[in-house]
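Trainee: Could you walk me through this structure and tell me where each label comes from?
Mentor: Happily, let's take the labels in turn.

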Amino acid sequence: MIIRPEQHWFLRLFDWHGSVLSKIVFRLLLNVLMSVTAIISYQWYEQLGIHLTVAPFSLLGIAIAIFLGFRNSASYNRFVEARNLWGTVLIAERTLMRQLKNILPAEHHTHQKIASYLVAFGWSLKHQLRKTDPQADLNRLLPAETVAEILGSAMPTNRILVLVGNELGQLRADGKVSDITYGLMDNKLDELAHVLGGCERLAGTPVPFAYTLILQRTVYLFCSLLPFALVGDLHYMTPFVSVFISYTFLSWDSLAEELEDPFGTAANDLPLNAMCNTIERNLLDMTGQHPLPEPLRPDRYYNLT
């Protein structure tokens, strides 16, 4: 995620990092090539009686803009839902730790053990969504035998919730917490399970492929033929106007594709590493485990992963 300090609007026009321009620059160069081709061949295909006007492109452009708006809205809704789910992780885990500390203030070992499980849950979920190996993060948080049990499961992230549930169940069996208190804490595990299922749903259910395909085909065909409709009126100005119009449509399409998977590592995706780091710092501080990990900061290009 790009996190920039406040800057003047004019300087923002020239930002490169975080912009989708880097992804579509070659497509824009192709549009320039098509514009040059239209200028060179204009007299030839006019003699053949081929005459394109901007009228059909105006109608098609309106339709494309509407459908691109729908697609961007759908992709942004996925991004917002993903952010809300990860916000729930922090809230539920902090609440659970607060309940444990208030109800069992002397059980320091239990606090630290459950805090380690909850921190591991966040990192494991991050690795699951990004399809990376969680072993390094789990090894620094949990004992080796526990890591082996988690990684030996078909659903490692869910296994961590099972282990937390076992710890809470043992506290109940030992008579240290009442049934009502146990129910309150178990509700927080239900919230984490809901987050896990919601993230799996977003990661495993993309925007329907046919919807994306028909939009991209239409956009690329529109941008490729647009210079031939503009050249009759604009002549040598055709490349400038055509590229500007194409930039608008292609950038919308590229941004929607990027936001569709909010758990990736692109510039506009969620900073899952920073979120896990925040969760870890919060829970370790609540259980008195110091020193805390350093907070993650944006890199030199203002990108926070």
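Mentor: Let's begin with a definition: a salt bridge is a side-chain nitrogen of Lys or Arg within 4 Å of a carboxyl oxygen of Asp or Glu. R71, D253 and E260 are linked in a network of such salt bridges. Please keep in mind that this is a predicted model, where local features need pLDDT of at least 70, side-chain atom pairs count only at pLDDT 80 or more, and totals for chains, interfaces and linings use all residues. Residues are numbered from 1 along each chain as its sequence is written, and side-chain values use heavy atoms, with hydrogens and water left out.

Trainee: How many salt bridges does a search of the whole structure find?
Mentor: The search gives 10 salt bridges.

Trainee: What makes R201 and E81 a salt bridge?
Mentor: Their closest N and O atoms are 2.4 Å apart, and the limit is 4 Å, so the pair qualifies. R201 lies in helix α8 (residues 179–204) and E81 in helix α3 (residues 55–103), so the pair ties together parts that are 120 residues apart in sequence. Helices here are DSSP runs (H or I, at least four residues), while strands are E runs of at least two, numbered from the N terminus.

Trainee: Why is R201 called partly exposed?
Mentor: Buried means under 20% relative accessible area, exposed means over 50%, and partly exposed is in between (1.4 Å probe, protein chains only). R201 has 42%, so the label is partly exposed. E81, at 28%, is partly exposed as well.

Trainee: What about E280 and R140: how do you know that they form a salt bridge?
Mentor: Their side chains meet at 2.8 Å, N to O, so they satisfy the 4 Å rule. E280 lies in helix α11 (residues 272–286) and R140 in helix α5 (residues 135–141), so parts that are 140 residues apart in sequence are tied together. E280 is buried at 5%, whereas R140 is partly exposed at 44%.

Trainee: Is D179, the salt-bridge partner of R172, buried or exposed?
Mentor: D179 is exposed, as its relative accessible area is 51% and the label needs over 50%. R172, at 38%, is partly exposed. The closest N and O atoms of R172 and D179 are 3.0 Å apart.

Trainee: Which residues does Q216 touch, not counting those up to four places away in sequence?
Mentor: Q216 touches R71, D253 and E257, where contact means heavy atoms within 4.5 Å. Q216 sits in helix α9 (residues 209–234) and is buried at 17%.

Trainee: Why is P239 called buried?
Mentor: The relative accessible area of P239 is 16%, and buried means under 20%, so the label fits. P239 is found in helix α10 (residues 238–260). Leaving aside neighbours within four places in sequence, P239 is in contact with S35 and I39.

Trainee: How do you know that there are zero disulfides?
Mentor: A disulfide is a pair of cysteine sulfur atoms within 2.5 Å, and by this rule the count comes to zero. Take C199: the nearest cysteine sulfur, that of C276, is 10 Å away, so C199 is in no disulfide. C199 is buried at 0% relative accessibility, and C223 is buried at 5%.
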